[in-house]
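Student: Please choose one part of this structure and look at it closely with me, then show me what lies around it. I would like one connected explanation, with each term explained when it comes up.

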Amino acid sequence: MYIYNEVDQKIVDERVEQFRDQTRRFLAGELSDDEFLAVRLMNGLYIQRHAPMLRVAIPYGLISSPQLRKLGHIARKYDKGYGHFTTRTNIQFNWPKLEEVPDILAELAEVQMHAIQTSGNCIRNTTTDQFAGVTPDELEDPRPWCEIIRQWSTLHPEFAYLPRKFKIAVTGSPKDRAASQVHDIGLHLVKNDAGEVGFEVLVGGGLGRTPVIGKQIRPFIEKKDLLSYLEAILRVYNLKGRRDNKYKARIKILVEAMGIDAFRDEVEAEWANIRSSELVLTDAEIERVKGFFQPFEYDADAANDTSLQQKLDSDEAFRVWYERNTHNHKVPGYTAVVVSLKPQLEPAGDITDLQLEVVADLAEQYSFGQARSTHEQNLVLADVKNADLYAVWQKLAEHNMARPNINTLTDMIVCPGFDFCGLANAKTLNIAEQINRAFDDLDYLYDLGEIRLNMSGCINACGHHHIGAIGILGVDKKGEDWYQITIGGSDREDASLGKVLGKAVAADDVAETLKKLLETYVEVRTEEERFVDTVRRVGVAPFKEKVYAAAH
Amino acid sequence: MPLLIDRKPVTDDRWQLVEDAESLPASGDLLVPLALYLEHKDALTAQSGDIAVRVNGDDDLTPVLESLDSFPMIAVEFPAFRDGRGFSLARILRRAGFNGELRAVGNPARDQLGYMERCGFNAYEFSEEVYSDDFLKAFEEISVHYQGSADDPRPIYLQS
């Protein structure tokens with residue numbers, strides 16, 4: 001992974017001191033609420049329902065054991081003993097004290113971490129495939145490009161006061177595990193006709209009030225042109241994006257309003273000005289950054305392991321977990337493990353100080369000292385020897401991180417909702433619990449197959465409800481929580497937005513409604529058809545009939 | 001109004017802001033909003049003093065870019081704290097070769113000054129109520145940068 005040099009460290013250290021002074025000036029009344037709002041948001045600090053919330057960056061989801069331990073320490077010392085992983089692969093702490101935040105940031109800087117640009121109208125943490133660098137279906141490891149973007153976007157002087165937030169995702173595989181099509185910019189490593197690897201560029205995707213699938217602005221740019229092209233898009237957006245209404249300020253609205261062709265023309269015109277500038281990436285710089293993401297020294301003997309098969313044959317619970325919670329590794333004898341942060345009765349994505357330390361230890365002992373966070377709010381140990389999987393599973397199970405539910409209905413993406421968030425209209429955690437209680441039968445879940453269930457407590461869509469095969473959106477109706485359900489969304493390479501099922505259902509009826517949806521699916525599906533495929537084939541109507549017929 | 005030029009407080013500002021066509025002075029160094037300038041270009045260039053223009057994110061910069069050399073100073077307006085269009089305007093003006101004074105007006109915030117300087121500003125005008133000499137510290141809070149800036153466009157890895 002990328003290791004800070006003196007420059008990287010100095011930037012983070014100076015940013016801590018800058019924020020310490022900003023906090024001091026705010027507390028002394030020298031900095032207005034509005035100005036402090038902008039500077040604290042650009043350092044990941046929100047004021048929430050109960051307390052401030054601090055969001056810490058995990059660049060493209062890659063994190064080391066010492067960093068995980070530091071997060072555990074912060075959870076214990078400054079918070080209530082836990083943190084929450086987000087769909088931007090960051091972690092947020094819900095109970096820090098405002099005046100202690102500079103100290104937390106100083107502690108983070110000790111392990112090359114920060115909270116820079118985890119919020120605010122600026123370029124946010126770049127995300128990628130959680131199996132980057134290890135998945136067999138990959139064209140090229142996207143992480144060096146994420147790091148190049150991280151450096152370019154960090155404290156970028158021109159793009160700190162954009163019309164609205166700006167999110168970039170990079171994928172290196174035709175399989176999209178980063179929801180790249182619903183990002184302000186989606187970058188796909190692709191090969192052109194000449195066999196060169198470069199980027200397909202999508203622009204104007206996003207969720208929130210107006211969900212939009214990103215549009216292709218360029219089928220191919222050369223690698224060396226990555227930053228000049230990004231800068232051209234950002235400059236056009238910064239100058240032309242709407243600033244009169246924050247709900248219409250994302251780049252997706254600008255692209256829709258101008259039309260992708262006119263927007264492309266503006267970007268190309270700007271790009272012509274800077275295409276040959278110092279933004280052109282040098283081979284030396286690309287190689288320097290790639291050097292931090294070289295494959296580990298894998299054990300050639302790992303493929304000869306026979307113990308895994310024996311354990312799979314003899315331990316049913318282990319076999320079930322192995323089938324659900326692991327991903328193929330491109331190196332024979334190794335496997336990527338998904339650490340489920342979706343236990344039955346805890347909020348999705350939450351992790352305790354002890355669990356953070358357990359994952360740190362497991363990473364150190366079995367996975368080259370690194371872990372990844374996923375946009376589905378789980379963790380990954382990407383490089384585990386097959387012979388070690390049983391030990392890893394046992395430890396994860398002991399600490400409630402081995403629920404074998406990855407990619408099933410209960411692997412839900414859930415925002416914190418009204419219990420924590422100042423923006424939310426409705427609770428989400430109680431609904432997630434209701435669903436978890438109702439769908440406790442693993443065999444039934446496995447029979448249902450891959451279903452992405454996403455839930456948001458308000459229209460801002462932090463829980464990505466539009467792109468869930470089943471999406472649940474909490475709405476407030478006269479002081480009561482109601483839930484609008486959408487079906488048929490996807491965050492993968494076949495990205496699509498879910499369609500509204502019908503009128504919202506009451507809080508107590510959510511799980512029961514899901515049961516009817518799933519019964520319909522089981523009735524009409526063909527073999528090998530995922531839930532989302534069935535919805536696409538038969539439409540919303542049969543599901544709607546089933547759900548609403550019984551109510552009358 | 002408090003004014004910083006090249007990181008130093010300046011007490012006398014030679015520019016007189018004119019916002020009304022009715023009261024165009026016959027002489028003096030005048031700062032004129034772009035629209036007004038374009039409307040009264042002939043009269044303004046005929047008077048004896050220098051002319052500077054004030055632009056903002058709603059303006060089309062083309063006429064300014066076409067005659068950059070005629071302006072010793074260009075003022076870029078920041079109409080609201082969160083309106084960041086001025087950062088891009090500065091980049092575009094410097095990139096086009098503007099070497100004169102580039103001034104941020106409309107109450108730039110202390111915590112934006114470092115970014116503004118790197119985008120090409122070298123002058124900043126504040127209201128009396130907000131300014132303090134503490135603002136001078138803002139330029140050096142972050143001393144190293146990944147990106148190039150107006151005075152040195154090379155990213156950090158190309159700088160020795």
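Tutor: Strand E15 of chain A covers residues 379-385, and since seven of its seven residues are buried, the strand is largely enclosed by the rest of the structure. Here, a residue is buried if 20 or more other C-beta atoms, placed from the backbone, lie within 10 Å of its own, exposed if the count is 12 or fewer, and partly exposed in between. Strands (E, at least two residues) and helices (H or I, at least four) are DSSP runs, numbered from the N terminus. This is a predicted model, in which local features need pLDDT of at least 70 and side-chain atom pairs count only at pLDDT 80 or more, while totals for chains, interfaces and linings use all residues. Residues are numbered from 1 along each chain as its sequence is written, and chains are lettered from A and ligands numbered from 1 in the order in which they are written.

E15(A) has pairing partners, where two strands pair if DSSP finds at least two bridges between them. One of these partners is strand E12 of chain A, residues 334-339, which runs antiparallel to E15(A) over five bridges; within this pairing, A:Lys385 of E15(A) stands opposite A:Tyr334. Another is strand E14 of chain A, residues 370-373, joined to E15(A) by two bridges, again in the antiparallel sense, and there A:Leu379 of E15(A) is the bridge partner of A:Ser373. E14(A) and E15(A) form a hairpin with five residues between them, and in its turn A:Gln377 has a positive phi of about 70 degrees.

A:Leu379 also appears among the contacts of A:Val359, which, leaving aside its neighbours within four places in sequence, touches A:Leu68, A:Val339, A:Ala371 and A:Leu379 (a contact means C-beta atoms, placed from the backbone, within 7 Å). A:Val359 belongs in turn to the largest nonpolar core, which has 198 residues, and the members that touch the most others are A:Ile233, A:Val339, A:Val359, A:Leu381 and B:Ile74. Such a core is a set of buried Ala, Val, Leu, Ile, Met, Phe, Trp, Tyr and Cys residues joined through C-beta atoms within 7 Å. In soluble globular proteins, nonpolar side chains tend to be buried together. Helix H6(A) gives this core its largest share, nine residues.

The same helix leads us to the neighbouring chain, for 30 residues of chain A are in contact with 30 residues of chain B. On the chain A side, the elements that give two or more residues are H1 (6-27), H2 (33-41), H5 (143-153) and H6 (226-240), with H1(A) supplying the largest share, seven residues. Chain B itself has five helices and eight strands, and 38% of its 160 residues count as buried. Its radius of gyration is 16 Å, which agrees with the value near 15 Å for a compact globule of 160 residues (the radius is taken over C-alpha atoms, and the rule is 2.2 Å times the number of residues to the power 0.38).

For comparison with E15(A), look finally at an open sheet of chain A, made of five strands in the order E6-E7-E8-E9-E10 with mixed pairing. Its edge strands, E6 (127-128) and E10 (215-222), each pair on one side only. Inside this sheet, E7 (residues 168-171) and E8 (residues 185-191) run parallel, joined by four bridges, and A:Ile168 has A:Ile185 in E8(A) as its bridge partner.

Technical notes. Two residues are in contact if their C-beta atoms, placed from the backbone, lie within 7 Å.
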